[in-house]
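Got the viewer open? Here is a short walk through the model, one selection at a time.

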Amino acid sequence: MLHSIGSILSVAIEEGLFYALIGVAVWLSFRILKFPDLSVEGVFTLGAAVTGNLVLKDVNPLVICAACFFIGAAAGSLTAFLNTRLGIHSILSGILTTTALYSINLAILQGSNVSMLRSTTIFKYTAAATGITNTYLIHLLVSGFITLVFCLALIYFLNSQLGFSLQAT
C-alpha cells in the first residue's frame with residue numbers, strides 16, 4: 001500500500017516539475033513579452049515527439065536535449081514569423097502553429113503510439129552513472145535537476161542586460 005502511494009506521489013511530482021516548465025514558458029510569453037502565445041502546448045509535444053524518435057534511435061540524451069531546444073526555437077520562430085511578417089494576430093498565430101505541429105508530431109513519430117519501454121533514456125544513464133537503483137528517486141532527481149537548470153538559466157538571462165531590455169519593452 002505504501003509503495004503504491006509513494007510511486008503515485010513520485011510520478012505526480014515528476015510530472016509537475018516538467019509541467020512547471022510549461023508554466024514558466026506561458027508566464028514568460030504572457031507577462032514578460034506581452035505576447036499571448038498559445039503555441040507552447042504544441043511546442044512541448046513537438047519536443048516529446050523528437051525525443052521519442054531520437055531515443056528509439058539510441059541517440060545520446062544530451063544531443064536529444066540540444067535537438068529539442070533548436071526544434072522548439074524553430075517552432076517559436078514560426079509563430080513569430082506568422083505574427084510579425086504575415087500580420088496574423090498573436091493568438092491566432094499560436095493556434096495555427098499548434099495545429100500544424102500536431103500533424104508534424106505524427107509525422108516525426110511515424111505513428112500515434114510509440115513504445116519506449118526497452119529504450120535507453122536519460123534516467124537509465126543517470127542510474128548507471130550514480131549507482132542509484134531506486135527508479136522513482138532517479139526520476140525525481142533528473143526531473144528536478146532539469147527544471148532547476150532551466151529556471152536558473154532563465155533567472156540569469158532575465159537579470160542580464162538583454163533580459164532587462166526585453167522586460168522593458
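Start with the aromatic rings: this predicted model holds 2 aromatic pairs. Select Tyr-19 and Phe-44 to see one of them, a tilted pair with 6.1 Å centre to centre and 35° between the planes. Colour by helix and you'll find Tyr-19 in H1 (residues 2-32) and Phe-44 in H2 (residues 40-56), so the pair ties together parts that are 25 residues apart in sequence. Switch on the surface for a moment: Phe-44 has 36% relative accessibility, so it counts as partly exposed.

Now hop to Phe-69 and Phe-70. These two form an edge-to-face pair, 5.2 Å centre to centre with 80° between the planes. Keep the surface on here, as Phe-69 and Phe-70 are both exposed.

Next, go inside. Select Val-43, Leu-46, Ala-49, Val-50, Leu-54, Val-55, Ile-64, Cys-68, Ala-75, Leu-101 and Ile-108: these 11 residues are the largest nonpolar core. Which helices each supply at least two residues of this core? They are H2, H3 (61-84) and H4, with H2 giving the largest share, 6 residues.

For a close-up, centre on Val-50. Setting aside neighbours within four places in sequence, Val-50 is in contact with Ala-67, Cys-68, Ile-71 and Ile-108. Apart from the largest core lies another core of 5 residues, so to speak a second stop; Leu-21, Ile-138, Val-142 and Ile-146 are among them.

Stay with H4 a little longer and pick Ser-90. Ser-90 sits in H4, which spans residues 90-109. Is Ser-90 buried or exposed? At 9% relative accessibility, Ser-90 counts as buried. Show what surrounds it: not counting residues up to four places away in sequence, Ser-90 touches Phe-35, Pro-36 and Asn-83.

Last stop: display H5 (residues 122-130) and H6 (residues 135-158) as cartoons. Their axes come within 10 Å and cross at roughly 105°, so H5 and H6 are roughly perpendicular to each other. To see the contact itself, show side chains for Ile-122, Phe-123, Thr-126, Ala-127 and Thr-130 on H5, then Ile-138, His-139 and Val-142 on H6. Colour these by class and the contact of H5 with H6 has 5 nonpolar residues, 3 polar ones and no charged ones. You have met two of the H6 residues already: Ile-138 and Val-142 also belong to the 5-residue core.

Notes
Residues are numbered from 1 along each chain as its sequence is written. This is a predicted model: local features need pLDDT of at least 70, side-chain atom pairs count only at pLDDT 80 or more; totals for chains, interfaces and linings use all residues. Side-chain values use heavy atoms; hydrogens and water are left out. Axes are lines fitted to C-alpha atoms, for helices over the stretch in contact, and angles run from 0 to 180 degrees between N-to-C directions. Helices (H or I, at least four residues) and strands (E, at least two) are DSSP runs, numbered from the N terminus. Angles under 35 degrees count as roughly parallel, over 145 as roughly antiparallel, 65 to 115 as roughly perpendicular and the rest as oblique. Contact means heavy atoms within 4.5 Å. Ala, Val, Leu, Ile, Met, Phe, Trp, Tyr, Cys and Pro count as nonpolar, Asp, Glu, Lys and Arg as charged, and the others, Gly among them, as polar. Rings of Phe, Tyr and Trp (its six-membered ring) pair if their centres lie within 6.5 Å; planes under 30 degrees apart count as stacked, over 60 as edge-to-face and the rest as tilted. Buried means under 20% relative accessible area, exposed over 50%, partly exposed in between (1.4 Å probe, protein chains only). A nonpolar core is a set of buried Ala, Val, Leu, Ile, Met, Phe, Trp, Tyr and Cys residues joined through side-chain atoms within 4.5 Å.
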